[in-house]
Amino acid sequence: MFPRRLGELGMQFSEIEARAVEKHGREALEDRLSPVVSAAEVEAIPADRFLSEATKVIFQAGFSWSLIDKKWPNFEAAFEGFDVHRWSMMGEEDLDRLLKTDGIVRNAGKLLSVGKNALYFRDIITEHGSVGAFFASWKSEDFFENLSAMQKRTNRLGAKTGQIFLRRMGVESVVLSNDVVNALIGAGIVARAPTAKKDLASVQAALNDWREESGRSLSQISQILALSV
């Protein structure tokens, strides 16, 4: 049985970070970590940039990331800047046009996700004033609960895709990559990839303790976990 509190485990984040430093060196490790983004900076991000980045991550899933990066100006043009209110009314004629547009990946399911996610972001604006304000209000200690709620209301932002989206937008986030999962297993937090609520609660409890111990963001803790294995 895996205890949820690090006091019971005796595993400190300093031990994990020391392993990462040993493998990569202190300066190189710090250079690879995401900068800390303030809540005010997240709140200031326009809604269209959330929809744009969500779409980009969705299209990169299963494709070459560099290929989507190269084509992204074409996506921005095809989606007219990803205005949330405009794409929340996406219709069949939009899909027909996009499926004939050169320079983008013409995957119908992924194209349709733009309209579905625009509806989500539009609802967030109605409920919270702005998309940025909503994500800026997230508490790190409730990360997996908030992530689950987001994934239930969005399209194709499940699993690591949604986690990567949040990381890119500057929201404190954990990406459960294979390396991160292996580090969590090695630390005795879980016995397998955490998908069940009980396992995610154990991971959240460990992250909360590690965040308090280290003073680092969830994003940096996640990256150091990956770099420690």
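This passage describes the aromatic pairs, the ring-charge contacts and one helix of a predicted model.

A pair of aromatic rings is described by the distance of the centres and the angle of the planes. A search of the whole structure finds 17 such pairs. One of them joins Phe-50 and Phe-165, whose ring centres lie 6.4 Å apart and whose planes meet at 70 degrees; the arrangement is therefore classed as edge-to-face, since an angle over 60 degrees is required for that class. The pair connects distant parts of the chain, given that Phe-50 belongs to helix H5 (residues 47-60) and Phe-165 to helix H12 (residues 159-168), with the two positions 115 residues apart in numbering. Phe-50 counts as buried because its relative accessibility is 0%, and Phe-165, with a relative accessible area of 0%, is likewise buried.

A stacked pair is formed by Trp-72 and Phe-75, because their ring centres are 4.7 Å apart and their planes are inclined at 20 degrees. Both residues lie in helix H6 (residues 65-78), and because they are 3 residues apart they are separated by about one helical turn. Trp-72 and Phe-75 are both buried.

Ring pairs also link a set of residues into a cluster, which consists of Phe-50, Tyr-120, Phe-121, Phe-134, Phe-135, Trp-138, Phe-143, Phe-144 and Phe-165. The edge-to-face pair of Phe-50 and Phe-165 thus has both of its members in this cluster.

Aromatic rings are also found beneath charged groups. The charged end of Arg-86 is placed over the ring of Trp-87, at 3.9 Å from the ring centre, while Arg-168 lies over the face of Trp-65, at 4.7 Å from the centre of that ring.

Two members of the cluster, Phe-143 and Phe-144, are also among the buried residues of helix H11 (residues 143-153), together with Leu-147 and Met-150. These four residues are on the same side of H11, because the arc they cover around the axis is only 120 degrees. On the other side of H11, by contrast, Glu-145 and Lys-152 are exposed. The elements that cover the buried residues of H11 include helix H9 (108-128), helix H10 (131-136), H12, helix H14 (197-214) and helix H15 (218-227).

Two of these covering helices, H9 and H10, are joined by a loop in which Gly-129 is found. Gly-129 is exposed, because its relative accessible area is 58%. The C-alpha atom of Gly-129 is separated by 38 Å from that of Ile-189, a residue 60 positions away along the chain.

Note on methods. Residues are numbered from 1 along each chain as its sequence is written. This is a predicted model: local features need pLDDT of at least 70, side-chain atom pairs count only at pLDDT 80 or more; totals for chains, interfaces and linings use all residues. Side-chain values use heavy atoms; hydrogens and water are left out. Rings of Phe, Tyr and Trp (its six-membered ring) pair if their centres lie within 6.5 Å; planes under 30 degrees apart count as stacked, over 60 as edge-to-face and the rest as tilted. Buried means under 20% relative accessible area, exposed over 50%, partly exposed in between (1.4 Å probe, protein chains only). A charge sits over a ring if NZ of Lys or CZ of Arg is within 6 Å of the ring centre and within 35 degrees of the ring normal. The arc is that of the directions from the helix axis to the C-beta atoms. Contact means heavy atoms within 4.5 Å.
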